[in-house]
Amino acid sequence: MILKAIQDEYPDDFSWCYGCGRLNEKGHHFRTGWDGEKTLTIYSPKQEHMALPGFVYGGLIASFIDCHGTGSASLALHRKNGHEPGDGVEPPRFVTGSLKVDFIKPTPQDTPLKAIGIIHEIHPKKWKVETEVFANDILCARGEVIAVVMPSTFVK
């Protein structure tokens with residue numbers, strides 16, 4: 001369970017992402033927090049996320065890795081700046097510069113998924129997040145996100 005997720009701290013204008021936006025009624029509502037020095041997102045796929053009976057659609061896995069990666073980068077830069085989720089300071093927002101996904105094993109439908117991330121700073125405005133996705137402690141997918149600090153052109 002994620003008690004203090006970075007996505008809970010995003011301002012309303014930036015909380016509409018289909019993957020992690022808390023204000024998107026039809027979205028997934030992915031929530032990412034710290035688990036020691038790694039990051040963690042847990043999600044239970046719904047029946048409509050089926051690829052074929054018993055297995056999760058790969059696009060959901062890609063979305064899961066994507067939002068976990070940008071949320072993880074936000075957590076890392078927020079911590080580097082001396083803050084943690086819940087301290088009242090607005091965290092930085094990131095967008096995806098690149099996304100790579102490798103599917104290792106078919107992902108079972110009826111079990112929570114766990115994304116675990118390792119974060120690497122590669123530039124003041126770019127962070128690399130390596131993610132592994134598990135179902136029942138079985139590695140199902142690996143991904144890498146290059147997350148980029150959200151450009152000012154995204155702000156109205």
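## A hairpin between β7 and β8

Strands β7 and β8 form a hairpin with two residues between them, and asparagine 136 in the turn has a positive phi of about 50°. Helices (H or I, at least four residues) and strands (E, at least two) are DSSP runs, numbered from the N terminus. The two strands of this hairpin pair in the antiparallel sense over ten bridges; pairing requires that DSSP finds at least two bridges between two strands. Valine 133 has alanine 141 in β8 as its bridge partner.

The structure is a predicted model, in which local features need pLDDT of at least 70 and side-chain atom pairs count only at pLDDT 80 or more, while totals for chains, interfaces and linings use all residues. Residues are numbered from 1 along each chain as its sequence is written, and side-chain values use heavy atoms, with hydrogens and water left out.

## Overall layout

The protein has one helix and eight strands, which follow the pattern β-β-β-β-α-β-β-β-β along the sequence. The C-alpha trace spans about 45 × 30 × 30 Å along its principal axes. For 156 residues, a compact globule would have a radius of gyration near 15 Å, and the protein agrees with its 15 Å. That radius is taken over C-alpha atoms, and the globule rule is 2.2 Å times the number of residues to the power 0.38.

Of the 156 residues, 44% count as buried. Buried means under 20% relative accessible area, exposed over 50%, and partly exposed in between (1.4 Å probe, protein chains only). Among contacts (heavy atoms within 4.5 Å) between residues at least 6 apart in sequence, 62% join residues at least 24 apart.

## The sheet

Six strands form an open sheet with antiparallel pairing, in the order β1-β2-β6-β7-β8-β5. At its edges are β1 (32-35) and β5 (94-103), each of which pairs on one side only. Neighbouring strands are turned by 30° against each other on average, direction ignored.

At one edge, β1 is joined to β2 (residues 38-43) by four bridges, and the two run antiparallel. Aspartate 35 has lysine 38 in β2 as its bridge partner. β1 and β2 also form a hairpin with two residues between them, and glycine 36 in that turn has a positive phi of about 70°. At the other edge, β5 and β8 pair in the antiparallel sense over nine bridges, with valine 148 in β8 as the bridge partner of valine 95.

## The helix and the core

Helix α1 lies across β1, β2, β5, β6, β7 and β8, and runs at about 135° to β5. Axes are lines fitted to C-alpha atoms, for helices over the stretch in contact, and angles run from 0 to 180 degrees between N-to-C directions. Histidine 68 is in α1. Histidine 68 is buried because its relative accessible area is 0%. Its contacts, not counting residues up to four places away in sequence, include Thr32, Thr41, Ala115 and Val129.

The largest nonpolar core has 24 residues, and those with the most contacts inside it are Phe30, Phe64, Trp127 and Val133. Such a core is a set of buried Ala, Val, Leu, Ile, Met, Phe, Trp, Tyr and Cys residues joined through side-chain atoms within 4.5 Å. The elements giving two or more residues to this core are α1 (58-80), β6 (113-123), β7 (126-135) and β8 (138-149). α1 supplies the largest share, eight residues. Valine 133 touches Phe64, Leu113 and Ile138, among others, not counting residues up to four places away in sequence. In soluble globular proteins, nonpolar side chains tend to be buried together.
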